[in-house]
Amino acid sequence: MDRGYKYSELVTVCPKEMEDFEEKVKGFFQEHMHSQEEIRLILDGNGYWDIRDYDGKWIRFRVTKGDLIVLPPGMFHRFTLDENNYIKALLLYTEVPHRTQHGAESESAARKEYVDKVLNNPAAVHRHQTTTQ
Ligand SMILES: CSCCC(=O)C(=O)O
């Protein structure tokens, strides 16, 4: 299936290989979203992505070599490294990546669609409630 991926970026997040490492890592950990689907394939190392559940609570998941994750457009998240301070990932995008900080999302069509289709979707919310009670 063609998902329309046209752009790729190979990133190595570690003090030796990333310019302005501290600043970039702080930026990854600030809550943000993207207006397009983005694939992350972990080629080496480890890290954590945090996403928010239906109640707004953070859920943390660990990624390691061989993992592939896709976060839907409009979903807030943040990323951090573990104590090894090293991850290498291939990022694939359908468009030139655009990042929106938490608090600045009101103008974002992707955020509106995510809220309508996921957070306020009665079928999805019902499933969530029945599985967490
Ligand atoms: C591992 S590099 C990029 C991390 C990040 O901030 C993101 O996925 O949005």
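## Report on the predicted chain

Thr130 is exposed, having 8 other C-beta atoms within 10 Å. Burial is assigned from C-beta atoms placed from the backbone: a residue with 20 or more others within 10 Å of its own is buried, one with 12 or fewer is exposed, and one in between is partly exposed. The model is predicted; local features need pLDDT of at least 70, side-chain atom pairs count only at pLDDT 80 or more, and totals for chains, interfaces and linings use all residues. Numbering of residues starts from 1 along each chain as its sequence is written.

Thr130 belongs to helix α3, residues 122–132. From C-alpha to C-alpha, Thr130 and Phe29 are 31 Å apart in space, with a separation of 101 residues in sequence.

**Overall architecture**

Three helices and eight strands make up the secondary structure of the protein chain; these are DSSP runs numbered from the N terminus, with helices being H or I of at least four residues and strands E of at least two. Along the sequence, their pattern is β-α-β-β-β-β-β-β-β-α-α. The protein chain has a radius of gyration of 16 Å, close to the 14 Å that the globule rule gives for 133 residues, so it is as compact as a globular protein of that length. That radius is taken over C-alpha atoms, and the rule is 2.2 Å times the number of residues to the power 0.38. Along the principal axes, the C-alpha atoms fill a box of roughly 45 × 35 × 35 Å.

Of the 133 residues, 10% count as buried. Among contacts between residues at least 6 apart in sequence, 79% join residues at least 24 apart, a contact being two residues whose C-beta atoms, placed from the backbone, lie within 7 Å.

**The β3–β4 hairpin**

Strand β3 (residues 38–52) pairs with strand β4 (residues 58–64) in the antiparallel sense over seven bridges; pairing requires that DSSP find at least two bridges between two strands. Asp50 has Arg60 in β4 as its bridge partner. Five residues stand between the strands of this hairpin, in which Gly56 takes a positive phi near 85°.

**Positive phi outside glycine**

Two loop residues other than glycine also have positive phi values.

| Residue | Phi | Loop | C-beta neighbours within 10 Å |
|---|---|---|---|
| Asp20 | near 55° | between β1 (7–13) and α1 (21–28) | 9, exposed |
| Asn85 | near 50° | between β6 (77–81) and β7 (87–93) | 15, partly exposed |

Asp20 counts as exposed because 9 C-beta neighbours lie inside 10 Å, whereas Asn85 is partly exposed because 15 other C-beta atoms lie within 10 Å.
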